[in-house]
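Hi everyone, thanks for making time for this one. I'd like to walk you through a structure I've been looking at, so let me put it up on the screen.

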Amino acid sequence: MLLVWLIFVVGTPASESKKKGLSFEEKRARMMEIFFETKDVFQLKDLEKIAPKEKGITSMSVKEILQSLVDDGMVDTDRIGTSNYFWAFPSKALHARKRKLEELESQFAESSQKKEALQKSIEKSKIGREDTAERAALLEELATLRQRKEQLKAEIDKYRECDPDVVEEMRQTNQVAKEAANRWTDNIFSIKSWAKRKFGFEESRIDKGFGIPEDLDYID
């Protein structure tokens, strides 16, 4: 694969590439050629001089191309003192591509197994669900039973008021309401008594002024 790749890149006329402009991948391929052909170690400044002259890669893009190759593990780098050095050998690139191919083949095999298992599961789930007259009759019966269930539920809800638990709940609710009403009645009587003592108003006048019914009384 590496040999085919190199033949493809080398076989591309330099003049034609210059006219059309090199793509990002073409620049990466030509940068790798520098390392493979020289089998040398370079600094960035060296590549910025060599790449434009020998491979038609602009010096402005050398750093970006080089970093992408480092990120992909195709070019090695190390810092010695204050300088960074870069190198790459064909043998490592070949091994890296071989490992990547094996990884992809493994993923493909795993995906194929999952697909096959899912297909078997789908086929298994179809068993017993064939469109037969018997299945159609059973589905119709099921729909009828579900409808009957809803009808019975509605019928039960109609008679829910006769449920002892519901009756007891209503009784307790009524008791709470009764006690609250008597508390308010007691408060009204207390206010009326206070008004009569404080201002000497007659009870009938107070009732009329505040809209209090004459027959107001506690609830038994």
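Before we go anywhere, one cut-off: when I say buried, I mean under 20% relative accessible area, and exposed means over 50%. Please also keep in mind that this is a predicted model.

Let's use that cut-off straight away. Take arginine 28, which lies in helix 3, residues 24-38. Its relative accessibility is 10%, so arginine 28 counts as buried. What does the side chain of arginine 28 join in a polar contact? The partner is the side chain of serine 68, at 2.9 Å. If we set aside neighbours within four places in sequence, arginine 28 touches Ile65, Ser68, Leu69, Asp72 and Met74.

Now let me step back to the whole chain. It has nine helices and two strands. Reading from the N terminus, the order is α-α-α-α-α-β-β-α-α-α-α. Of the 220 residues in the chain, 18% are buried. And for those of you who think in contact maps: among contacts with a separation of 6 or more, 52% are between residues 24 or more positions apart.

Back to helix 3, and how it packs on helix 5. The two pack at an angle of about 80°, and their axes are 10 Å apart. Helix 3 and helix 5 are therefore roughly perpendicular to each other. On the helix 3 side, the residues in this contact are Phe24, Lys27, Arg28, Met31, Met32 and Phe35. They meet Ser61, Val62, Glu64, Ile65, Leu66, Ser68 and Leu69 in helix 5. So our arginine and its serine partner both appear in this list. Sorted by class, the contact comprises eight nonpolar, two polar and three charged residues.

Helix 5, residues 59-71, also packs against helix 4, residues 44-55. Here the angle is about 120°, with the axes 9 Å apart. That makes helix 4 and helix 5 oblique to each other, and helix 4 passes helix 5 in a right-handed crossing. Who meets whom here? From helix 4 we have Leu44, Leu47, Glu48, Ala51 and Pro52, and from helix 5 we have Ser59, Val62, Lys63 and Leu66. The class breakdown for this contact is six nonpolar, one polar and two charged residues.

Between helix 3 and helix 4 there is a loop, and lysine 39 is found in it. Is lysine 39 buried or exposed? At 54% relative accessibility, lysine 39 counts as exposed. Have a look at its backbone too: lysine 39 has a positive phi, about 50°, although it is not a glycine. As background, most residues other than glycine have a negative phi.

My last stop is phenylalanine 86, in strand 2, residues 83-87. With a relative accessibility of 11%, phenylalanine 86 counts as buried. Where does glutamine 43 sit relative to phenylalanine 86? The two are 43 residues apart in sequence, and 6.1 Å apart in space, C-alpha to C-alpha. Leaving out neighbours within four places in sequence, the contacts of phenylalanine 86 include Phe35, Asp40, Val41, Phe42, Gln43 and Leu44. They also include Leu66, Val70, Val75, Asp76 and Thr77.

That's what I wanted to show you today. Thanks for listening, and I'm happy to rotate the view for anyone who would like another look.

Technical notes
Residues numbered from 1 in each chain as written. Predicted model: local features only at pLDDT ≥ 70, side-chain atom pairs only at ≥ 80, totals over all residues. Heavy atoms only, no water. Axes fitted to C-alpha atoms, helices over the stretch in contact; angles between N-to-C directions. Helix = DSSP H or I, 4+ residues; strand = E, 2+ residues; numbered from the N terminus. Parallel < 35°, antiparallel > 145°, perpendicular 65-115°, else oblique. Left-handed = near helix turned anticlockwise from the far one by under 90°. Contact = heavy atoms within 4.5 Å. Nonpolar A, V, L, I, M, F, W, Y, C, P; charged D, E, K, R; others polar. Buried < 20%, exposed > 50% of the residue type's maximum accessible area, 1.4 Å probe, protein only. Polar contact = N/O pair within 3.5 Å; in protein donor to acceptor, adjacent residues only side chain to side chain.
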